[in-house]
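This report describes selected features of one protein structure. The account moves from particular side-chain interactions to the overall fold.

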Amino acid sequence: MNTRKSVLMVSLSLLLVLAANTPYVMAEGTAPVIKDILSSPADSLSGLMGEYFQLKWVPVGGRNYVRDTVSLAHERYFSGEQSDESAYVSDPDHYKLFVPFTYYNSPIEQYSTLTSDIEEDAADALTRALMPIDEQAFSKKDRANAQVNDALLSAYLNEPEKVQFTEDAINEGGNYVDRLEEQQEDLAKATASILSVEAIPQEVVEEAEADISKPNWWKFAGNGSFQLSQNYISDNWYKGGESNIAGIATLQLKADFNDNEKVQWENLFDAKLGIASAPSDQYHDYLVNTDLLRLYSKFGLQAAKHWYYTISGEAKTQFMESYGANSMDMKAAFLAPLDVNVSLGMDYKLEKPTFKFSVMIAPLTWTMRYIGNDNVDKTNYGWHKDNAKEMSRNTMHNIGSELLPSLTWNIAKNISFESRLDYLTSYTWVRIDWENTLNFAVNKYLSTKLYVHARYDDVSNKHSSEGLSYYQLNELFSFGINYTW
């Protein structure tokens, strides 16, 4: 009895498949009737899907209709070819035929609810299967589900090894809403863990306090060094000479303001003091060879990309009294002279990762020179000896122009070069100071420095009267301690 029932079930499935592939003719107002089989192109899907899956009715001319296969949908959704839009419409009732081959419970449930007589003749079953569909008795969705279940049942019986998933296994993962809520909870926990804070319930709302910090546009830097050189020569050295010790200390402090928009303000404090022993000098045990105390400030408002309207001021003097070799004539002292100049003009600035270049052009410059020590000869600094009124004053004022280019260049990791040229004129005299420093850093604390200061000064009338050149040079090469911050 069981064997007979199995044979009937398989036969019924095959008949349903054959019926599904049979063309029909439909007349207006009547149910479709069987017509001769019309040839149709082969399915673009191969194997199980191309053999069993069917979609809907398609007109073939006049009142004739045939059932199209899944090839039409496949061409549209998978092959990328655009077919006639009027030939088919979206039909979600057949989704089970397009997803990966899955075992659903509904085909078996549908078969289990069938009430049929086991002794029923096979011909009666065939006749009932081929009867026209009564559209009034069933809804479209019910008919589609029945067709899909018939096709799936036949596929399960003939190709069970191709089933990839089961409906029960899919349902264990929960529906979309459940998974979405779980993902939101996991995301909230992960975010709270990263931020190391506890998640705040939504009903707790507190007023947020903004922590606003004003940006710091100031940049501070500095450099300090102490260089020492020593030379010993015995009294009977065959080439002669004398022993000496020399040292130089430098300190440079910078405070620069830059708001990265319109304003730049540069401030510089520069101090240098170099002393060398003088064994052969009958008046002095040591002589000052380098002495500078300078304060410089430059304020600019941006006019173009690299140009700034600029006003600058500089004041410089020296620390100690200085004398000529084997002479008691005082050459300079603290505030003797004191040079002050204020300039108004334009400044061109160019900054790159390895160098910083600036050229200030000041067509209007006010200069003041002050001699605060009566032992210093004023005629060395522009005073005219034959002008008694001028010699009675300690201060001299001039109006002129200034050109001030400067360069800071990081040549290599441990090698840097700084150059500063100051061209100043009152149109009656010219004073040029060109300072160059080449620094070879051994490490953070040791370095070798080469300092060269070239100068041109025609302000003194004594130079020409005594046959001295207006060109002057001071050079120092030393090794010692250096620290930069």
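## Charges over aromatic rings

In this predicted model, the charged end of K349 lies over the ring of Y308, at 5.2 Å from the ring centre. A second arrangement of this kind involves R420, whose charged end sits over the ring of Y296. The two cases are listed below.

| Charged residue | Ring | Distance to ring centre |
|---|---|---|
| K349 | Y308 | 5.2 Å |
| R420 | Y296 | 5.0 Å |

## Aromatic pairs

The whole structure contains 11 aromatic pairs. One of them is formed by W218 and F220: the ring centres are 6.0 Å apart and the planes meet at 15 degrees, so the pair counts as stacked. The cut-off applied here is an angle under 30 degrees between the planes. W218 has a relative accessible area of 32% and is therefore classed as partly exposed, whereas F220, at 58%, is classed as exposed. Ring pairs also connect W218 and F220 with F257, W265 and F299, giving a cluster.

## The barrel

A closed barrel is built from 12 strands with antiparallel pairing, in the order β7-β8-β9-β10-β11-β14-β15-β16-β17-β18-β19-β20. On average, neighbouring strands of this sheet are turned by 20 degrees against each other, with direction ignored. In general, the strands of a sheet pair through backbone hydrogen bonds, in either a parallel or an antiparallel manner.

Within the barrel, strand β16 (residues 395-412) and strand β17 (residues 415-425) run antiparallel and are joined by 9 bridges. Here N410 stands opposite S416 of β17.

## The surroundings of H284

H284 belongs to the loop that lies between β9 (263-277) and β10 (286-302). Is this residue buried or exposed? H284 has a relative accessibility of 10% and therefore counts as buried, the limit for that class being under 20%. Its side chain reaches the backbone oxygen of S327 at 2.8 Å. Leaving aside residues up to four places away in sequence, H284 touches A278, Y323, G324, S327 and M328. S327 thus appears both among these contacts and as the residue whose backbone oxygen the H284 side chain reaches.

## Overall composition

The protein has 10 helices and 20 strands. Of its 485 residues, 33% are buried. Among contacts between residues at least 6 apart in sequence, 58% join residues at least 24 apart.

Conventions: Residues are numbered from 1 along each chain as its sequence is written. This is a predicted model: local features need pLDDT of at least 70, side-chain atom pairs count only at pLDDT 80 or more; totals for chains, interfaces and linings use all residues. Side-chain values use heavy atoms; hydrogens and water are left out. Helices (H or I, at least four residues) and strands (E, at least two) are DSSP runs, numbered from the N terminus. Buried means under 20% relative accessible area, exposed over 50%, partly exposed in between (1.4 Å probe, protein chains only). A polar contact is a pair of N or O atoms within 3.5 Å; within protein, one must be able to donate a hydrogen and the other to accept it, and residues adjacent in sequence count only if both atoms are side-chain atoms. Contact means heavy atoms within 4.5 Å. Two strands pair if DSSP finds at least two bridges between them. Axes are lines fitted to C-alpha atoms, for helices over the stretch in contact, and angles run from 0 to 180 degrees between N-to-C directions. Rings of Phe, Tyr and Trp (its six-membered ring) pair if their centres lie within 6.5 Å; planes under 30 degrees apart count as stacked, over 60 as edge-to-face and the rest as tilted. A charge sits over a ring if NZ of Lys or CZ of Arg is within 6 Å of the ring centre and within 35 degrees of the ring normal.
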